[in-house]
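Trainee: I have a new model to go through. Can we work on it together?
Mentor: Yes, ask as you go.
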Amino acid sequence: MKIKPFKEKSLFPFISLILILFLNLALSAALVTSLGVSPAGKTVTFTPNTDFEIDFYIINSERNNMQISVGGVGELSDMMFFDQQIITLTESDDKVPFRLILKLPAGMEPGIRTSNIKLTPILPENEDDMLSAYLAPQIPIKVRVPYPSKYADISIVVQSVDEGTPVPIYIEFDNLGSERITSAGAELRLYDPEGELISEMAAPEISIEKDSLGKTKAEPAPILRRGIYRVVADAYYDGVDKVIDMNISLGDPLLTARELLTKQLEIQPVSKVGLKAYNDWNAELSVTGFLEIEDKKTEMPVFKFEKNAEQEISSFLETSGLEPGEYNLTVTWVYANQMKRDVFPVKIIEKKPEPAISWPRILIGLAALAVMIATLAILLALLKRKKPRTN
């Protein structure tokens with residue numbers, strides 16, 4: 001896994017656009033987010049020329065009066081039929097049923113075939129235009145089509161735990177073949193971002209029935225700090241060998257502000273601000289953001305923070321127009337698709353006057369320099385006269 005750095009340019013328009021889109025979605029999805037669906041998805045095993053009838057419920061927790069259009073999308077859409085295309089919800093309904101009829105053909109390509117049920121609210125014509133821009137909920141539908149012999153999809157699953165706790169790492173075998181797997185296991189290697197080997201593990205052998213999922217835990221479980229890592233598994237089952245190479249991430253990148261180095265700022269067009277922060281992540285982190293006091297807001301450049309290291313950085317902030325006094329300086333850090341804020345107390349003071357030029361002192365200094373030069377010249381002349389002559 002590679003952390004993509006922010007490009008060296010202004011991010012303010014990009015961040016503003018993201019915030020606007022987020023607010024629009026939050027407002028426009030008001031009707032959609034009030035709906036729930038049960039069950040959240042369905043998986044069936046392929047049987048030739050078979051119809052599956054699957055019942056679902058739309059949960060009307062907000063007791064809305066509205067209509068929902070139901071349809072199928074994806075590779076199975078031609079096989080998906082519904083007992084009703086339009087579902088009406090009223091404020092007296094807490095849940096309303098509908099049925100999917102899945103008509104499977106005589107044969108399908110082996111593997112997991114997927115589609116979705118799309119639920120689309122039908123909004124009244126006089127509804128605000130912004131409320132028509134929503135994300136319609138979708139229900140995943142999967143059909144497991146077995147391979148004609150032994151076959152398994154293999155994946156590495158890492159369980160999230162608190163830092164300092166042994167990290168459970170599993171190898172999962174999804175038996176998509178037509179036969180039982182009698183013996184499956186794996187040998188694993190764990191690497192840091194620089195490719196250094198951290199540990200070696202082994203997953204004990206297990207058996208997996210056909211059309212079933214089996215998993216085995218790798219031992220010993222490593223103790224890891226937050227960060228990104230690479231896991232390579234040499235997996236096997238009943239004479240079949242596969243190499244699974246996967247990047248994993250534990251926790252989220254974290255930049256911790258340690259100290260505001262500049263305790264006082266002068267009132268002037270541009271003031272330099274020093275900060276100290278720690279990158280609590282095992283890879284380099286590209287960080288930008290904003291400095292803000294009252295209505296003064298300035299974008300910071302992009303800083304590169306070394307892995308697991310504390311660094312001092314400096315940026316600039318406009319302070320003209322502020323009155324002397326105590327203020328809160330807000331630092332907004334933007335990194336790895338995150339925004340984090342820290343607030344520091346800071347004092348604004350009047351700009352210190354430039355020291356006046358003292359001409360008498362300058363003249364005295366020049367005179368002293370001239371005397372020193374003259375004295376040095378006389379000493380050199382005397383030394384030259386005393387030098388003995390050679391025949």
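Trainee: Is Lys 307 buried or exposed?
Mentor: Lys 307 counts as partly exposed, because its relative accessibility is 37%. Buried means under 20% relative accessible area, exposed over 50%, and partly exposed in between, with a 1.4 Å probe and protein chains only. This is a predicted model, so local features need pLDDT of at least 70 and side-chain atom pairs count only at pLDDT 80 or more, while totals for chains, interfaces and linings use all residues. Residues are numbered from 1 along each chain as its sequence is written, and side-chain values use heavy atoms, with hydrogens and water left out.

Trainee: What does Lys 307 form a salt bridge with?
Mentor: Its partner is Glu 194, and the closest N and O atoms are 2.9 Å apart. A salt bridge here is a side-chain nitrogen of Lys or Arg within 4 Å of a carboxyl oxygen of Asp or Glu.

Trainee: Where do the two lie?
Mentor: Lys 307 lies in the loop between β21 (296-305) and β22, and Glu 194 in the loop between β12 (181-191) and β13 (197-208), so the pair ties together parts that are 113 residues apart in sequence. Strands are DSSP runs of E with at least two residues, helices are runs of H or I with at least four, and both are numbered from the N terminus. Glu 194 is partly exposed, at 48% relative accessible area.

Trainee: How many salt bridges does the structure hold?
Mentor: There are 20. One of them joins the side chains of Arg 99 and Glu 53, at 3.3 Å from N to O. Arg 99 is in strand β7 (residues 95-103) and Glu 53 in strand β3 (residues 51-60), so this pair links parts 46 residues apart in sequence.

Trainee: How exposed is Glu 53?
Mentor: Glu 53 is exposed, with a relative accessible area of 55%, whereas Arg 99 is partly exposed at 31%.

Trainee: New topic. Which residues are on the covered face of β22?
Mentor: Ala 309, Gln 311, Ile 313, Ser 315 and Leu 317. The uncovered face has Glu 310, Glu 312, Ser 314 and Phe 316. In a regular strand the side chains alternate between the two faces of the sheet.

Trainee: Which strand does β22 pair with?
Mentor: Strand β19 (residues 271-279), in the antiparallel sense over nine bridges. Two strands pair if DSSP finds at least two bridges between them. Ser 271 stands opposite Leu 317 in β22.
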